[in-house]
Amino acid sequence: MFSFTVAAVVFGVVFLAELPDKTALAGLMLGTRYRASYVFVGVAAAFAVHVALAIAAGSVLSLLPHRLVQAVVGVLFLAGAAVLLFKKDEDEEEVKKPADQSFWKVSGAGFMMILVAEFGDLTQIMTANLAARYDDPVSVGVGAVLALWAVAGLGILGGRTLMKYVPLKLITKVAAGVMVLLAGFSLYEAIVG
């Protein structure tokens, strides 16, 4: 059964964690060079693939004993928070321009860039953790996909404007704080049962 609450929590966590990531910058760079709708289709398809893989991994985790899963999820959320807080800023990578501006070339370039760049990324791992935590793959999947699409859309259409008003360090700290809270809840459930 679909849970709007779970989808909203997942959306918030994944959105905040993905916002300071290289994906927003990649979307911004592609969006300034090519037709935004073409870029978004490719990026959105790549994110859908990533979320499906994460949900499958989380579903496997949910088959393990509840306390063990909560302990592992809690530790992974703490690790994710540490990665967000202590990662060094990455330089923008140069994006290779497709030979032409056709839909298939541009969306294909966006798809391949995100598919490769985001494989095993923090938000993919977080999505798997959330799928294991809530044991609600549809709600987690919808929340995660919508969050990733929202970040991609913001990056493609207005990343520079957003970053002028909301400091990247603040977004990163809020995302890390939310992850620490989720880690605390998961570890509490692991201990108390």
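Student: Which residues form a nonpolar patch on the surface?

Tutor: Keep in mind that this is a predicted model. In it, a nonpolar patch on the surface has about 640 Å² of accessible area together. The residues that form the patch are Phe2, Phe4, Phe11, Val138, Val142, Leu146 and Trp149.

Student: Which element gives the most to the nonpolar patch?

Tutor: Let's look at where the patch residues sit. Two elements give two or more residues to the patch, namely helix 1 (4-18) and helix 7 (137-165). With 4 residues, the element that gives the most is helix 7.

Student: Is Trp149 buried, partly exposed or exposed?

Tutor: Trp149 belongs to the nonpolar patch, and its place is in helix 7. Its relative accessibility is 30%. Buried means under 20% and exposed means over 50%, so at 30% Trp149 counts as partly exposed.

Student: And Met126, is that residue buried or exposed?

Tutor: Met126 has its place in helix 6. Its relative accessible area is 1%. The cut-off for buried is under 20%, so with 1% Met126 is buried.

Student: How far apart in space are Met126 and Leu76, C-alpha to C-alpha?

Tutor: Start with the sequence, where Met126 and Leu76 are 50 residues apart. Then go from C-alpha to C-alpha in space, and the distance between Met126 and Leu76 is 7.9 Å.

Student: What share of the residues in the protein is buried?

Tutor: Met126 is one buried residue, and the count can be made for the whole protein too. The protein has 193 residues. Of these, the buried share is 44%.

Student: How many helices and strands does the secondary structure come to?

Tutor: Follow the elements from the N terminus on, and they run α-α-α-α-α-α-α-α. Strands come to 0. The protein's secondary structure is therefore, by the DSSP runs, 0 strands and 8 helices.

Student: What is the volume of the largest cavity?

Tutor: A probe the size of a water molecule, rolled over the atoms, shows where empty space is left. Searching the whole structure turns up 2 cavities of 30 Å³ or more. The largest cavity has a volume of about 50 Å³.

Student: Which elements give two or more residues to the lining of the largest cavity?

Tutor: The lining is made of Phe47, His50, Val51, Glu118, Thr123, Gln124, Thr127 and Leu148. By class, that lining has 3 nonpolar, 4 polar and 1 charged residues. The elements that give two or more residues to this lining are helix 3 (36-61) and helix 6 (122-134).

Technical notes: Residues numbered from 1 in each chain as written. Predicted model: local features only at pLDDT ≥ 70, side-chain atom pairs only at ≥ 80, totals over all residues. Heavy atoms only, no water. 1 Å grid on protein atoms, 1.4 Å probe; cavity = no way out; pocket = protein on both sides within 12 Å on 5 of 7 lines; lining within 4 Å. Points joined across faces, edges and corners; volume = space filled by probe spheres on them. Nonpolar A, V, L, I, M, F, W, Y, C, P; charged D, E, K, R; others polar. Patch = residues over 30% accessible without salt bridge, like charges linked within 9 Å, V, L, I, M, F, W, Y side chains within 5 Å. Areas by Shrake-Rupley, 256 points an atom, 1.4 Å probe, with all protein chains shown as cover. Salt bridge = Lys/Arg side-chain N within 4 Å of Asp/Glu carboxyl O. Buried < 20%, exposed > 50% of the residue type's maximum accessible area, 1.4 Å probe, protein only.
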